Number of protein chains: 2
Amino acid sequence: MPRDASATRAKLIAAAREEFAECGIGGARVERIAQQAGVNKERIYGHFGSKEKLFEAVLAQALEEHTQTLGSPCGDIGEYVGRIYDFHSRNPQVLRLMLWEALHYGEQPLPDEERRAEHYVHKTAAFAQTLGLPPGRDAAVALLMAIGLAAWPLAVPQLTRTLAGGQEGVAATVDGAPLRDTLVAFARRMLPAPASSS
Amino acid sequence: MPRDASATRAKLIAAAREEFAECGIGGARVERIAQQAGVNKERIYGHFGSKEKLFEAVLAQALEEHTQTLGSPCGDIGEYVGRIYDFHSRNPQVLRLMLWEALHYGEQPLPDEERRAEHYVHKTAAFAQTLGLPPGRDAAVALLMAIGLAAWPLAVPQLTRTLAGGQEGVAATVDGAPLRDTLVAFARRMLPAPASSS
DNA sequence: TTGCCAACCAACCTTTTGGTTGGGTAACTT
DNA sequence: AAGTTACCCAACCAAAAGGTTGGTTGGCAA
């Protein structure tokens, strides 16, 4: 069994991701994470320093994967919203991590808020271009709400269920069309149509 | 100091509401709740049975207030979304409680899921009427997304901040218009216009 | 006045928590 | 071959958690 620090880190992050997504920062148990990773608990502190720092590492990696998988917004806006919806349907952990983070930090700044803000500048720019808008606050809010459109039904499943669910689950058909299609249609209607000329 | 069971219950629920909104179910401390309420910890178990049951009681009351304050959806759809936004801006606890609940229960049914579903039937019906739609899944999804439109920027403040926030906070102006107005405009565009004839 | 019960509380118990420590071990350097 | 560094772990710790218990007391019915 060779020694491999980065492999240990990776195993810890993978285990922590499941645990944090399921239980949040306060609810996660350091012991369980270590056990799931097949690594001693102390390694968490050796490698990451604290439970909260580990959470940050998990989230950073998850968001990295998120942007890499999803790519920049381009082409049809509705289809972009559909892609966001598909991503979160297939990777429920990422959205849950974001929500735990939201509840944990609330209005106070994130530990790496600046990096995150900078990261979103690019996305906003790409989004503005496909929308035919000047990049700015307007485009940023439009992107924010496009993400919200796709994520909201998955973020509050109990509301989605009790309102529109019934026995068919989240992907239930709505008047014959899957929820996804409804969201795509809403997005197209909500967001300004791109200028047809480049 | 007279004995008054219902007053004790009320004090406990009020204290628990703050604590649960801030920390969630797992993060809330029974001791703190009791202390904040000026009541012995044991009373929580005497009156409610468990921490989780107390959470249910808190949420039931919060949602009750929510629907009572907000009323049924009627009149202009955009303005209804604006009202939802205003409510959650002024009462951040309710949305936080809903999100903690969402993360805690996830896809598994709520303890009182049936009552909740039934409760939403009326709202959906009212919403369908103002939209000029037949009450049904279509109207329910439209309502779900109207709520989402208003609540999303407040549900994920870290995203709102890093995307569109800057130094001006959540209520920041967007090209001169407050975020609320943008949401109202989005809602009007997204949702089907009500049939003009009754 | 007396008897009774719901409401109440201080103190306690068990388990679990995040975090630490001191001793070991593979592998690279010199 | 000796020394050094980075990694790893079993065992441990103080603090804090949710929940319980045994006994006390206010207030109403008889």
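User: Which residue of chain B comes closest to the rotation axis?
Analyst: This is a predicted model. Two copies of a chain are related by a rotation about an axis and a shift along it. Here the distance from that axis is taken at the C-alpha, and it is 2.1 Å for the closest residue of chain B. That residue is B:Met190.

User: What kind of axis relates chain B to chain A?
Analyst: Chain B superposes on chain A with an RMSD of 0.1 Å. The rotation is 180 degrees, and the shift along the axis is 0.0 Å. That is therefore the relation of a two-fold axis.

User: What percentage of the interface residues of chain B are also interface residues in chain A?
Analyst: The copies meet through the same surface. This follows because the shared portion of the interface residues of chain B is 100%.

User: How far apart are the end C-alpha atoms of helix H10 of chain B?
Analyst: Helix H10 of chain B covers residues 179-190, which makes twelve residues. At 1.5 Å a residue, the helix should span 16 Å. The model agrees, with the end C-alpha atoms apart by 16 Å.

User: Is B:Met190 in H10(B) buried or exposed?
Analyst: The cut-off for buried is under 20% relative accessible area. Several residues of H10(B) meet it, including B:Leu179, B:Phe186 and B:Met190. B:Met190 is buried.

User: Which aromatic pair crosses between chains, with both partners in helix H6?
Analyst: The whole structure holds five aromatic pairs over all chains. In one of them, the ring centres are 6.0 Å apart and the planes stand at 50 degrees, so the pair is tilted. Each partner lies in helix H6 (residues 92-105) of its chain, and both are buried. The pair is A:Trp100 and B:Trp100.

User: How many residues apart in sequence are the parts tied together by B:Tyr80 and B:Phe127?
Analyst: These rings have centres 6.3 Å apart and planes at 45 degrees, so they form a tilted pair. B:Tyr80 is buried at 2% relative accessibility, and B:Phe127 is buried at 0%. B:Tyr80 lies in helix H5 of chain B and B:Phe127 in helix H7 of chain B, so the pair ties together parts separated in sequence by 47 residues.

User: Which helix supplies the largest share of the lining of the largest pocket?
Analyst: The largest pocket holds about 700 Å³ of space. Its lining has 32 residues, with A:Trp100 and B:His104 among those nearest the centre. H6 of chain A and H6 of chain B are among the helices that each supply at least two lining residues. The largest share, seven residues, comes from H6(A).

Conventions:
Residues numbered from 1 in each chain as written. Chains lettered and ligands numbered in written order. Predicted model: local features only at pLDDT ≥ 70, side-chain atom pairs only at ≥ 80, totals over all residues. Heavy atoms only, no water. Phe/Tyr/Trp six-rings, centres within 6.5 Å; stacked < 30°, edge-to-face > 60°. Helix = DSSP H or I, 4+ residues; strand = E, 2+ residues; numbered from the N terminus. Buried < 20%, exposed > 50% of the residue type's maximum accessible area, 1.4 Å probe, protein only. Expected span 1.5 Å × (residues − 1). Least-squares fit on C-alpha atoms with pLDDT ≥ 70 in both. Contact = heavy atoms within 4.5 Å. 1 Å grid on protein atoms, 1.4 Å probe; cavity = no way out; pocket = protein on both sides within 12 Å on 5 of 7 lines; lining within 4 Å. Points joined across faces, edges and corners; volume = space filled by probe spheres on them.
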